[in-house]
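Here's a protein chain to explore together. Take a look at the model, turn it around a few times, and then read on.

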Amino acid sequence: VLDLIEPKPSEMIFSYYYSTDFAGINFRTQTHNEHFSFSPKDSIREFGGAGKVIRLKNKDYILGFGRYLYRFDNKSLKNYEIVKLPANIIWIYEDRDNDLWVGTIYGGVFYFQKGDFKNKKCFLKELLVNGVIQDKEGGFWFATEGDGVFYSASKKIRTYDKSAGLSDDRINCLATDQMHIFTGSPDGIINKLTTNKIITTYNTN
């Protein structure tokens, strides 16, 4: 058995493999009285038999298997869509806004707004993210294997990099005057930042 959930006493979903050669996924819900088997795109040997499945608030099912994320329609399991991620999936979580978080093995955590597979962002790149949860204040906690726990007060994370106007993505130091943030780069450039823009750039060369 790869994963098991029981959202309600009368509803159950499970997936499993049934041989060392791996014949396929067996997918069933008591709600639909439907039994659906298919061969996944990834070999089970690549990730040691790990898999993850959840049921969304809209009653669709999300299955993470290898590097592939599947969404099964709640009306018929034979209607599904797939997206491929760059790393194997080990965690799936739906937050209060119906947004989807998918933790991977050394590929970071992927955020899908409203569960839309075409609208995704990646955070904590190259980390193994094996847990995501939203607390009662709306903050997010990210558990990792070997890199501790990360916290964000909200999902509104602003990124400053070269595409936003920095001269270099490598930052050596940070300082503040209590109103602004100053960043120093190896190329001798100092940037003065606010929470929504780069105000000034100083060249120390």
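What follows is a short tour, from the whole chain down to single residues.

## The big picture

First things first: this is a predicted model. The protein chain has 205 residues, and 44% of them count as buried. If you go looking for helices, you'll come up empty: there are 0 helices and 19 strands.

How about contacts along the chain? Of those with a separation of 6 or more, 31% link residues that sit 24 or more positions apart.

## Nonpolar cores

In soluble globular proteins, nonpolar side chains tend to be buried together. In this model, the largest nonpolar core has 13 residues. Those touching the most other members are Ile62, Leu69, Ile92, Leu100, Val102, Phe112 and Phe117. Strand E9 (89-94), strand E10 (100-104) and strand E11 (109-112) each give two or more residues to this core. Another core, of 10 residues, lies apart from it, and its members include Tyr93, Trp101, Tyr111 and Phe142.

Let's zoom in on Phe112. Which residues does Phe112 touch, once you skip those up to four places away in sequence? They are Leu69, Val83, Leu85, Asp99, Leu100, Val102, Phe117, Asn119 and Lys120.

## Two buried residues with polar contacts

Is Thr104, in strand E10, buried or exposed? Thr104 has a relative accessible area of 0%, and buried means under 20%, so Thr104 is buried. Its side chain reaches the backbone nitrogen of Gly107 at 3.2 Å. Leaving aside neighbours within four places in sequence, Thr104 is also in contact with Leu85, Ala87, Asn88, Ile89, Ile90, Phe110, Leu127, Leu128 and Val129.

Now hop over to Ser152, which you'll find in strand E15 (residues 149-152). Ser152 is buried too, because its relative accessible area is 15% and the cut-off for buried is under 20%. The side chain of Ser152 reaches the backbone oxygen of Ser154 at 2.5 Å.

## The largest pocket

Last stop: the largest pocket, which holds about 340 Å³ of space. It is lined by 15 residues, and the closest to its centre are Arg158, Thr159, Tyr160, Thr183 and Leu193.

What kinds of residues make up the lining of this pocket? It's a mix: 7 are nonpolar, 5 are polar and 3 are charged.

Note on methods:
Residues are numbered from 1 along each chain as its sequence is written. This is a predicted model: local features need pLDDT of at least 70, side-chain atom pairs count only at pLDDT 80 or more; totals for chains, interfaces and linings use all residues. Side-chain values use heavy atoms; hydrogens and water are left out. On a 1 Å grid over the protein atoms alone, a cavity is a set of points where a 1.4 Å probe fits but cannot get out, and a pocket is an open set with protein on both sides within 12 Å along at least five of seven lines; lining residues have an atom within 4 Å of a point. Grid points are joined across faces, edges and corners, and a volume is the space filled by probe spheres set on the points. Ala, Val, Leu, Ile, Met, Phe, Trp, Tyr, Cys and Pro count as nonpolar, Asp, Glu, Lys and Arg as charged, and the others, Gly among them, as polar. A nonpolar core is a set of buried Ala, Val, Leu, Ile, Met, Phe, Trp, Tyr and Cys residues joined through side-chain atoms within 4.5 Å. Buried means under 20% relative accessible area, exposed over 50%, partly exposed in between (1.4 Å probe, protein chains only). Helices (H or I, at least four residues) and strands (E, at least two) are DSSP runs, numbered from the N terminus. Contact means heavy atoms within 4.5 Å. A polar contact is a pair of N or O atoms within 3.5 Å; within protein, one must be able to donate a hydrogen and the other to accept it, and residues adjacent in sequence count only if both atoms are side-chain atoms.
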